[in-house]
Amino acid sequence: MMRAFRLALVVAALSAVAAQAQVPAQPVPVPANQAPPVAQVQPATPTNPLPPALPQLGISPPSTAHPPLTVSEPATSVAVPAMTATLPHDLSPWGMFMAADIVVKGVMLGLAFASLVTWTIWLAKAMELATAKRSAGQALRRIEAADNLSAAAGAAAGKSGKLRGAVGQLLSAALSETRRSADLGEDGTKERVAIALSRIEARAGRAMARGTGLLATIGSTAPFVGLFGTVWGIMNSFIGISQAKTTNLAVVAPGIAEALLATAIGLVAAIPAVIIYNVFARAITGYRATLSDASGEILRHLSRDLERRQRAVAPAPRAVSSASGAAMASAPLVPAE
């Protein structure tokens with residue numbers, strides 16, 4: 001009985017507390033001439049507003065003594081690991097050159113210098129060859145129109161009176177050998193003149209081909225030099241992969257790009273060198289053919305001059321012999337003892 005009575009008192013006490021909590025607080029009247037006390041000032045609105053009460057379900061609204069629970073959201077920011085490899089800011093040819101290894105830079109500079117030499121030889125040799133071919137062609141036409149070797153030399157000399165160029169050297173050699181062999185036979189003179197002309201042709205061809213051998217060297221070796229730079233750059237890229245312990249493409253891409261740039265520069269230096277060399281080889285062959293035609297015309301004029309001289313000198317001995325015969329006929333005969 002006593003236990004049941006105590007349980008009833010506890011239930012009654014809890015019911016009274018719950019009823020007091022449901023009764024709203026009545027505002028205390030304040031006189032007009034008196035300021036409200038500080039303690040009665042309403043607190044600021046909480047950041048988390050109270051949810052609406054549901055009286056139909058018997059749920060009491062939350063009070064300031066029992067604020068609603070707020071669930072704090074977990075932090076979602078996760079630290080992103082920084083990339084171990086960073087791409088260069090500039091992937092242009094100049095940027096890749098500046099970021100390349102010292103060996104790859106040396107290869108690129110050497111190939112760039114070889115390309116500069118190629119275009120310098122092309123410019124200088126093209127002007128020299130064009131001038132020489134034009135001069136030789138004009139001199140050849142003047143020699144063909146002449147009647148003898150002296151007239152051909154005068155026509156080739158032009159207004160200046162001086163023999164110039166390779167054709168002028170051919171004419172000078174023929175005239176000089178003719179004067180030195182004036183008292184010698186025709187066949188020997190022709191042979192000596194032909195030898196002198198052939199040597200002048202060979203010397204002119206060698207002078208015109210000077211520098212083209214460097215073009216051939218550049219054209220044959222530049223791709224292999226560029227390939228050496230490529231192999232070196234790729235080797236450095238794989239070393240970077242092993243040190244970074246990652247297979248990310250960002251680690252190996254810059255080195256491979258720089259290596260391929262070395263190969264590209266090697267091809268840029270080699271292809272024009274091969275083309276220019278072939279063009280010059282054909283042009284020099286044509287130039288030597290022109291000199292050979294001029295030598296043939298000079299030998300023809302020399303043959304005519306020698307034959308004319310022989311015919312002009314040949315009657316003289318016959319006249320002397322007839323005069324001596326007439327003198328012997330008019331002289332008195334002396335009997336032999």
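Biologist: Where is Arg206 found, in terms of helices?
Modeller: Arg206 is found in helix 6, and I should say at the outset that we are looking at a predicted model.

Biologist: Is Arg206 buried or exposed?
Modeller: Arg206 counts as exposed, because its relative accessibility is 51% and the class of exposed residues begins over 50%.

Biologist: And which residues form the positive surface patch?
Modeller: The positive patch on the surface is made up of Arg199, Arg203, Arg206 and Arg288, so the residue you began with is one of its members.

Biologist: Which helix gives the most to that patch?
Modeller: That is helix 6, which spans residues 186-208 and contributes 3 residues to the positive patch.

Biologist: Let's go to salt bridges; how many does the structure hold?
Modeller: There are 4 salt bridges in the structure, and we can go through some of them one by one.

Biologist: What does Glu177 meet in a salt bridge?
Modeller: The side chain of Glu177 meets that of Arg192, with a distance of 2.9 Å from N to O. Glu177 belongs to helix 5 (residues 165-180) while Arg192 belongs to helix 6, so this pair ties together parts that lie 15 residues apart in sequence.

Biologist: Glu177 first: buried or exposed?
Modeller: Glu177 is buried, with a relative accessible area of 14%, whereas its partner Arg192 is partly exposed at 31%.

Biologist: Why would such side chains pair at all?
Modeller: In general terms, side chains that carry opposite charge can pair when their charged atoms come close.

Biologist: OK, and which residue forms a salt bridge with Arg300?
Modeller: Arg300 forms a salt bridge with Glu297, and the closest N and O atoms of the two are 2.9 Å apart. Both residues sit in helix 8 and are 3 residues apart, so about one helical turn separates them.

Biologist: How is the accessible area of Arg300 classed?
Modeller: Arg300 is partly exposed, with a relative accessible area of 44%, while Glu297 is buried at 13%.

Biologist: What about Lys125, which side chain does that one meet?
Modeller: Lys125 meets Glu128 in a salt bridge, at 3.2 Å from N to O. The two residues both lie in helix 3 (residues 102-145), where they are 3 residues apart, or about one turn of the helix. Lys125 counts as buried, at 8% relative accessibility, and Glu128 counts as partly exposed, at 38%.

Biologist: Changing topic, which residues form the nonpolar patch on the surface?
Modeller: The nonpolar patch consists of Trp119, Trp122, Leu123 and Met127, which together have about 440 Å² of accessible area. Among them, Trp122 has its place in helix 3 and counts as partly exposed, at 38% relative accessibility.

Biologist: Last one, Gly266: what is its place?
Modeller: Gly266 has its place in helix 8, which covers residues 249-313, and this glycine is buried, with a relative accessible area of 0%.

Biologist: And what is Gly266 in contact with, leaving aside its neighbours within four places in sequence?
Modeller: With those neighbours left aside, Gly266 is in contact with Leu111, Ala222 and Pro223.

Biologist: How many residues apart in sequence are Gly266 and Gly219?
Modeller: Gly266 and Gly219 are 47 residues apart in sequence, and in space their C-alpha atoms are 9.2 Å apart.

Key
Residues numbered from 1 in each chain as written. Predicted model: local features only at pLDDT ≥ 70, side-chain atom pairs only at ≥ 80, totals over all residues. Heavy atoms only, no water. Patch = residues over 30% accessible without salt bridge, like charges linked within 9 Å, V, L, I, M, F, W, Y side chains within 5 Å. Areas by Shrake-Rupley, 256 points an atom, 1.4 Å probe, with all protein chains shown as cover. Lys, Arg positive; Asp, Glu negative; His and termini not counted. Charge placed at Lys NZ, Arg CZ, Asp CG, Glu CD. Helix = DSSP H or I, 4+ residues; strand = E, 2+ residues; numbered from the N terminus. Buried < 20%, exposed > 50% of the residue type's maximum accessible area, 1.4 Å probe, protein only. Contact = heavy atoms within 4.5 Å.
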